[in-house]
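Colleague: Before I go back to the bench, could you show me how to read helix packing and burial from a set of coordinates? I would like the general idea each time, and then the case at hand.

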Amino acid sequence: MSVGPTGLVGREGELAELAAFLDMAGTTGAALLLTGDPGVGKTALLDATAELAEAKGVRVVRGSGVEYETDISFAALHQLVGSLPDELGRLPRSTREALEVALGLTVGPAASRIAVLNAALALFDEAAKERPLLLVIDDLHAVDQTSRAAMGFVARRLGGRRIGLLGAQREESDESFRSTGLPELEIAPLDDTDALRLLSRRFAHLPRRVLSTVAREAQGNPLALLEFAGSTEASGDHHGQGAAWANSPGRDVRALYGTRVGRLPERTREVLLLAALEGSGDIGILEAAGGPGSLEELAPAERDHLVMVTENGRAVHFRHPLVRSAVVDGSTGEQRRSAHRRLADALVDQPERRGDHLARATAAPDETVAAVVESAARSNLRRGDADGAIARLRRAAELSPDREVRRRRLSKAAYVAAWVAGHLEVSHEIMREIERDPAARSLSAAAAAGFLVLVTEGDADTAHALLMEAVGQASAMPEPPREELETALFTLTLASQYSGRPEHWQPLVDVLDRFPEASPAAAASLGRIHHDLGSVTDGMLRRLDEEISGLRDQSDADVVIRTALTASYLDRLPGCREAVSRVIRDGGAVGSSMPALMFVALDNLYVGRWQPSADAADELIALCEETGYHLFAQVGHYVAAMTAAQRGDLDTCLRHCEVVWGWSRPRGLQRLENCAHQAAARAALGAADFETAFRHATAICAPGVLPPFNPEAVWSAPDLVEAAVRTGRHAEARQHADALRAAGVGRLSSRLALRSATTTAMTSTAEDTVRCFEEALGLPDAEQWHFEVGHARLAYGEALRRQGLNRDARVQLTAARDRFEELGARSWEARAAAELRATGMTRTGRGKAGEALTPQEQEVARLAATGLSNPQIASRLFLSPRTVSSHLYHVFPKLGITSRAELRDALEALPPEASATRP
């Protein structure tokens, strides 16, 4: 007979594969996913594998998806972690707290999503120290999204660990676990022969005719075979006439389970309902909710093989997920609400779970319960769980008796869905619900509606009109709702910022006058900074630096993004780098990932890491196109254009500029137009097309004027000044340099200080040229801004050459050329090389082709050929970067080459006599 060692009929092949999986899991780690229809035997195979694992000395920890907990973040992970309390206690404090805060077991600073996932992996590692560990998760299709992500994370990192992960999910499930790429084992129905053999073993006393009828109706589904035959036996219908089963064995088995549950004592059904709704099966919680002696009431269900208590006595598990469903289906609404109330009372030390049960226990609007649920939503946001926050805010809205409060909570959910989570469809769905209310216009609703129309359609006019009216009314109130007003003011600032038009920003300035000085990341501060960079006080800079230093412990993506947005205007993005990257890496806040990608791209652009900048810009564009955030995509095109401009790729730059102009001009988004003009001006300067550069730079602002709400006027000032100087417009150049200096932006950052000083030097008198450029290049921390330093040296060398100081000019031009070469700024390198030729110096003028290298030159050339930069070579050889540059300046003509890329081949081709002997 085809019976496996565990007593399962017709599953020899599956059991053999599972045994092999266990062997691999116990030595090098493995993961496997069982798929199949309900009742086909997945749970039985999980049980058999767990039994086999325990017989081999493997520790087994089990969890299961619960369809009533799919909107509770980390609900399934909570089950697994709850089975390992000793191991959790042995983890390092920071790792343990990351898990405990994420699961709502304690209160504290929330860790990043990646930290929580790594903490879960560390916990399982700890559990597998003494013997292998098998994680078994049934009903993965009903596991909450965050736990499913955690299981996927763990499954992909099992190599080299003695850990196995075995899961099961229904074949027709919409929530697929397969995107992780895990190996699958499909569980098929039994064939007719094995179906009859199974029935014959368990129901040998039933007539063959009845068994054949059952086998035909059950369609090879093992659970249906056993339950159908069992119901026939219980009914005494040995003729097979009462088996009116339909064509869905899983559904009919659920009904049969319902019948068995219905025969249990009432008190037993009450405790079973508590277990079904609680989810984890924690004995302590069930006893607290059920009252003294409640666990003893489970005995009838245990005897009927509906539930089982784990060996350690800490948890109760249902024998099959369909039993849980049958228990809930067989209860009334009032019974479920009563059970949720009792569970809420038992979970006073877990506020988020308590809030969920209170919400389900409440049929009518109740502000007390709604406030508890909203508080839980805020906890979700603080720990970076945007999806959980949206679900809880919507439930809090349902429970709100006051219509205005209900709209506020729904609007907040819509805003979080769009700004943090990146779920535009969800946000639109919530907004449609709000708009069905004729009195739906509120501050929160205006913020959500304005944000949606701005980021998806680029309609700054509608966004501004909605928000200006709402913010104006709210700010005039004696006690305006602070949180909603902050959100609306932030969105109004965004609309005015991207528009850049006076009719939008002037009313905003009038509104900002009503607000006191606030945190640097607050909407009022952002509006003031955008309006006038020079107005930023030293105190504001100190507070911003303090807030940036605190980002390492910040998991609220909204706080990280707002802080980085302010920092981006003041050249402080490097301090935000880790926190911003965490927002992108964690993947739990898709909406926030888009501005986070902007800041990564800008940060890399400013410090000269142009390939990572271009990569981030491309990723941003693709993500925006996929999700519908078309406004943010334009920022990606701008950064891509700037990167191309500085690299000297004029065609790519203009292609991205045309995309920005084509999208922003019809919508009146003047700031985006200015961004594209800035990139086009920079590209034209690199190509020495100074007239074109002047045309684009003056499209941003007129010479001598730095208009409010136009930060690009500040950032492009050196480009306008240089283009004006090189086209003979010296008066305009001096006017603009004076305006930049008068704006006082040089004290805000070392980059702005260098750019301001460079424009002053470019327009200085001949007798002041050297002093002004030396002062610019000698500014503290200036060297970190590689492109700006190269640009300043190029302008310095050009000015010296025009004064006939060719020898001094060569020093600056050589340094500029080398800096641009290191950056990969091809057109700018060519400009510097052309200026060098104009001094009367050629490449071969530095030495004769074929002339032997000195020992020092040979060492410098050898290191340069490996790809090291001049500063890196200088550090190794205890030289200055300028000396290294000078050595390479002589090496190239001796080797007959013109670039670093040719060094390796040239050195390898040298005959021994062409190289100096090492000392």
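Colleague: At what angle do helix α37 and helix α38 pack, and how far apart are their axes?

Modeller: In this predicted model, helix α37 (residues 717-726) and helix α38 (residues 730-743) pack at an angle of about 160°, and their axes lie 7 Å apart. Angles over 145 degrees count as roughly antiparallel, and α37 and α38 are therefore roughly antiparallel to each other. Their crossing is left-handed.

Colleague: Which residues make that contact?

Modeller: A general point helps here: an α-helix has 3.6 residues a turn, so residues three or four places apart point the same way. On the α37 side the contact is made by Ala717, Leu720, Val721, Ala724 and Val725, and on the α38 side by His730, Ala733, His736, Ala737 and Leu740. Sorted by class, the contact of α37 with α38 has eight nonpolar, two polar and no charged residues.

Colleague: How should I read the pair α39 and α40, and what is their angle?

Modeller: The reading begins again with angle and distance: helix α39 (residues 750-762) and helix α40 (residues 769-777) pack at about 170°, with 8 Å between their axes, which makes α39 roughly antiparallel to α40. From α39 the contact draws on Leu754, Ala757, Thr758, Ala761 and Met762, while α40 contributes Cys772, Phe773 and Ala776. By class, seven of the residues in the contact of α39 with α40 are nonpolar, one is polar and none is charged.

Colleague: And at what angle do α12 and α15 cross?

Modeller: The axes of helix α12 (residues 266-278) and helix α15 (residues 321-329) cross at roughly 115° and come within 9 Å, and the crossing is left-handed. Leu272, Leu273, Ala275, Ala276 and Leu277 in α12 meet Arg324, Val327 and Val328 in α15. The residues of this contact divide into seven nonpolar, no polar and one charged.

Colleague: Is α15 enclosed or open, and how many of its residues are buried?

Modeller: Burial is judged residue by residue, with buried meaning under 20% relative accessible area. Eight of the nine residues of α15 are buried, so this helix is largely enclosed by the rest of the structure. The buried residues are Pro321, Leu322, Val323, Arg324, Ser325, Ala326, Val327 and Val328.

Colleague: Turning to single side chains, is arginine 260 buried or exposed?

Modeller: Arginine 260, found in helix α11 (residues 249-262), has a relative accessible area of 14% and is therefore buried. For a buried polar group one can then look for a partner, and here a polar atom of the arginine 260 side chain lies 2.5 Å from the backbone oxygen of aspartate 304.

Colleague: Where is histidine 423, and what is it in contact with?

Modeller: Histidine 423 sits in the loop between α20 (403-421) and α21 (424-435), and because its relative accessibility is 29%, histidine 423 counts as partly exposed. Apart from neighbours within four places in sequence, histidine 423 is in contact with Asp387, Ile390, Ala417, Ala418 and Tyr629. Sequence separation and spatial separation should be read together: histidine 423 and threonine 627 are 204 residues apart in sequence, yet 7.9 Å apart in space from C-alpha to C-alpha.

Colleague: What does the protein look like as a whole, in helices and strands?

Modeller: The protein has 47 helices and seven strands, and 58% of its 919 residues count as buried. Among contacts with a separation of 6 or more, 69% are between residues 24 or more positions apart.

How values were computed
Residues numbered from 1 in each chain as written. Predicted model: local features only at pLDDT ≥ 70, side-chain atom pairs only at ≥ 80, totals over all residues. Heavy atoms only, no water. Helix = DSSP H or I, 4+ residues; strand = E, 2+ residues; numbered from the N terminus. Buried < 20%, exposed > 50% of the residue type's maximum accessible area, 1.4 Å probe, protein only. Polar contact = N/O pair within 3.5 Å; in protein donor to acceptor, adjacent residues only side chain to side chain. Axes fitted to C-alpha atoms, helices over the stretch in contact; angles between N-to-C directions. Parallel < 35°, antiparallel > 145°, perpendicular 65-115°, else oblique. Contact = heavy atoms within 4.5 Å. Nonpolar A, V, L, I, M, F, W, Y, C, P; charged D, E, K, R; others polar. Left-handed = near helix turned anticlockwise from the far one by under 90°.
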